[in-house]
Every structure is written in structure tokens, then in C-alpha cells.
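Good morning. Please have the sequence and the model open, and follow along as I go through one chain.

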Amino acid sequence: MARQRTARQGTAPEGTGREGSAGAVRAGTRNPLVIVALALAVCAAGAAGWGGWLRYEATHDDAAAFARTRDDALAAGEQAVQNMNTLDHRSLEKGLDSWEQSTTGDLHRQLVDGRDAFAEQIAEAKTVSTAEVLSGAVTELDERAGRAGVMVALRVTVTAPKGEPAVKESRLLGSLTRTAGGWKLSALGQAPVGGTGG
Amino acid sequence: MNSTATDAAEVADATDVTDASDPTDATAEKDAPAAPDAPGEPGEPDVSDGVDVSRRRWPRVLGALLAVALIATGGALYAEGRQLRDTPATANLALTDAEATTRVTGDVSSALGKIFSYGPGATAATRAAAKEILAGKALQQYAALFGQVERQSADQKLTLTTEVVRAGVTRLTGSSAHLLVFLDQVYERRGRAPTTASAQLTVVAELREGRWWIVEIGST
């Protein structure tokens, strides 16, 4: 802007010596300002670019995505294992629905097939089971295949109509499969006792 | 469009007597509207100067706003990126660092097998092994427990074999790990059938001098 101005002034008919020198002074004093402004603009553009790059990298960080998947799988696994060990004979249908919602594949089929017989059993025994997850860990995770293995330490309390509630700690191994509705249990069992180390 | 305005300004500047003594343009711009009652100064040039100032300023204001907007955008994106990346999930290296996970799981599993296995005549070896594996609170816990175990083992000819069934890392950082361990313990008394008990433990391990030490053992 300063340069344009001086050039135009040179050709301006009313341009006098005084005017010219004033223009030179103006250009001289404005230059540092322009440099500062340019530097600021470059810094601003750099900051935006850098922030954008970091943001992009963060979304495309495989390790971060894997870590999130792992935590999702663990949360879903722990919840599913807890659901599968919670059942109240007074609200059997609701409890068994939650069992079915927590599972997929073979385990789901087994539950659906055995539902009526099992419901009868529980209705007769009149038991109330509650479960508390003590600790859990993901032991394997295949993000692409959508499969995960979890181990969960659980405290189960079973209250029968007669007698004291029975508290039992159990250690469970579960397999999770990713479905459209999130991670669901496809297999669940007690960790074998007396087997070989794994 | 700008040039006509500037022209007007220059005419105004040229007619302005005080301008000659003004060393910089910036002060001239500031001073002109601020000194309306200068002697012999008509109102008109002041007005045109004011218009000119605002017109000359708008690219600067726009530029400054743009710069601020860019910096703010950069900052916001950076913060968002950090938030996405530095979460509790990403701080936990369990499984994301497969090699470290496998190593700590293996080390802790074999360590637990060693310190919770003993025979009637071999408790000294177990005790010695424990000093190479345990540190801190775990060592004290173990020492208190093992005193009883040693006497029992000698009295009842008891042999205990511990085997880890499954171990998983719940939390892993560069130098510390929290694990959940399922283990089987087989008790054998001379002349009786062995009994197996299942147990689960939580273990805290720390990486010191290149190897994992168990610093805390707890029941779940």
C-alpha cells in the first residue's frame, strides 16, 4: 500500500518536494508495521494449519482408535457379564430380555432356545441374583475381525426365599463379537479350574 | 475507490499547515480529528479526513480479525486434537503396546507361580525367589504371610503349586502395570488327594532396572 502510494505520488501533477519527502517518511515508518502484520498473518496461518494437522492426526491415530475400541469392548463386556449374572424371579421377563440383549451368536441362540425352561426353573426357585464386577481386563482384541476376549472377576450374591444370601466370587472368561448394536457376548464361561495355564 | 479517498486526504494533508510539523502519518491521522478547534481550520477537511481514516483502516481491521480468527481456529483445533488423543484410554497402553503387554503378563505370571509354590523342604528357595520378584508393600505382605506358610508346610508336609490360568492387563503405562490374574492353587498333603482352589488376584507391578517387580498384591 505504501509503495503504491509513493509511485502514484511521483506521477501526480501536484506532487511537490515536500509531499514526496513526507511520503518517504510515511513509507519508512510503516514498513516495520507491515512486517509485523505479515509476520502475524504468517503465524496465524501457521497456527491454524498446525492445529488442523494435529486435529487430523488425532482422528487418524490408529493407536488411539485401538485404545478406544479396547475400552469400549471392556465396558460392554463387563456390563454384559453383569447382566448375565443378574436375575430376579419377580421380573423374569425383563431380566431374560437383558440376557438376550447382551449376547449374540451361539450363546444368544442357546438362551433363546432354553428361555422357557429356565424361566420356569427360576420362577420355582424364587431366587434373586445380583452381580458386582470386581475387576476386568481385555486379554485379546482383533479390531478388524471385531472380536475380543475379556476376563472378569465377579461377586455374585444369590438370595433364596429361605436361608442366608450366598456370596460367591467367580472368574469368568468371555468372548465378545462386535455387532451393529455394539459389543456383545458370544461365549461366556467360568475360567477352567485345574486346566493348563493360558 | 481507495485512491480517490487518498487523493482527498492528500489534498487535505497538503492544505493542513500542522501536517508539515507532524513527523508521522499515524500521529497525523490521530491528531486531525482530535483537534477540531485548531485556528483557521475549517470543518470540511476534518470530516473528509475522518472518512478517509475509517476507509484506510478497514483492511487492517479485517486483516487483524482474520489473524485472530486463524489463531483461534488453530488453538481450538489443537485443543480438540489433544482432547481426542490424550484421553484416559490412550494413556493406558494395555494391548496397544502389544510387546510390553505380553512381557508384563508373562513376567508377572511366572513370578506368581514361583512365589506361591513351595514344598515342605523347599520354602527357603521360595523365600529367596520372592526377594528377586517382590518389592515395596508386596514384600512386606508376603513376609508376613510366608512365616505362617513355612510352619504349616513343615508341620503338615504341605506342597502348594500355583499356576496362572489367565492374566490380563487392566492398566499399563511406561513404568507401571495393573493386572488381573486368575490362578489355580493345588494343595497336596502327604497321603491325601490333592485339592485345587481357584483364586483371583489384582497385582501392581513396576518396571525397575529393566524388569518388572511386583509391588502390590490384592484380592479382587
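Before anything else, one term: two strands are said to pair if DSSP finds at least two bridges between them. With that in hand, take B:V169, which sits opposite B:L179 in strand 2 of chain B. Keep in mind that this is a predicted model.

Now the overall layout. Chain B has 220 residues, and 24% of them count as buried. It contains seven helices and four strands. What order do the elements of chain B run in from the N terminus? The order is α-α-α-α-α-α-α-β-β-β-β. As for contacts in chain B with a separation of 6 or more, 55% are between residues 24 or more positions apart.

The rest of this talk is about the strands, taken in order.

Strand 1 of chain B covers residues 158-172, and 13 bridges join it to strand 2 of chain B. These two strands run antiparallel. The hairpin between strand 1 and strand 2 of chain B passes through three residues. The pair I began with, B:V169 and B:L179, is an example of residues standing opposite each other here.

Next, strand 2, residues 176-189 of chain B, and strand 3, residues 195-208 of chain B. How many bridges do they pair over? The count is twelve, in the antiparallel sense. Two positions to find on your screen: B:L180 is opposite B:T202 in strand 3 of chain B, and B:Y187 is opposite B:T195 in strand 3 of chain B. The hairpin of these two strands has five residues between them. Within that hairpin, B:G191 takes a positive phi near 85°.

That leaves strand 4 of chain B, residues 211-219. Strand 3 of chain B is joined to strand 4 by eight bridges, and the two run antiparallel. B:L201 has B:S219 in strand 4 of chain B as its bridge partner. Which residue takes a positive phi in the hairpin of strand 3 and strand 4 of chain B? That is B:E209, with a phi near 50°. This hairpin has two residues between the strands.

To recap the strand pairings in chain B: strand 1 with strand 2, strand 2 with strand 3, and strand 3 with strand 4.

Key. Residues are numbered from 1 along each chain as its sequence is written. Chains are lettered from A and ligands numbered from 1 in the order in which they are written. This is a predicted model: local features need pLDDT of at least 70, side-chain atom pairs count only at pLDDT 80 or more; totals for chains, interfaces and linings use all residues. A residue is buried if 20 or more other C-beta atoms lie within 10 Å of its own, exposed if 12 or fewer, and partly exposed in between; C-beta atoms are placed from the backbone. Two residues are in contact if their C-beta atoms, placed from the backbone, lie within 7 Å.
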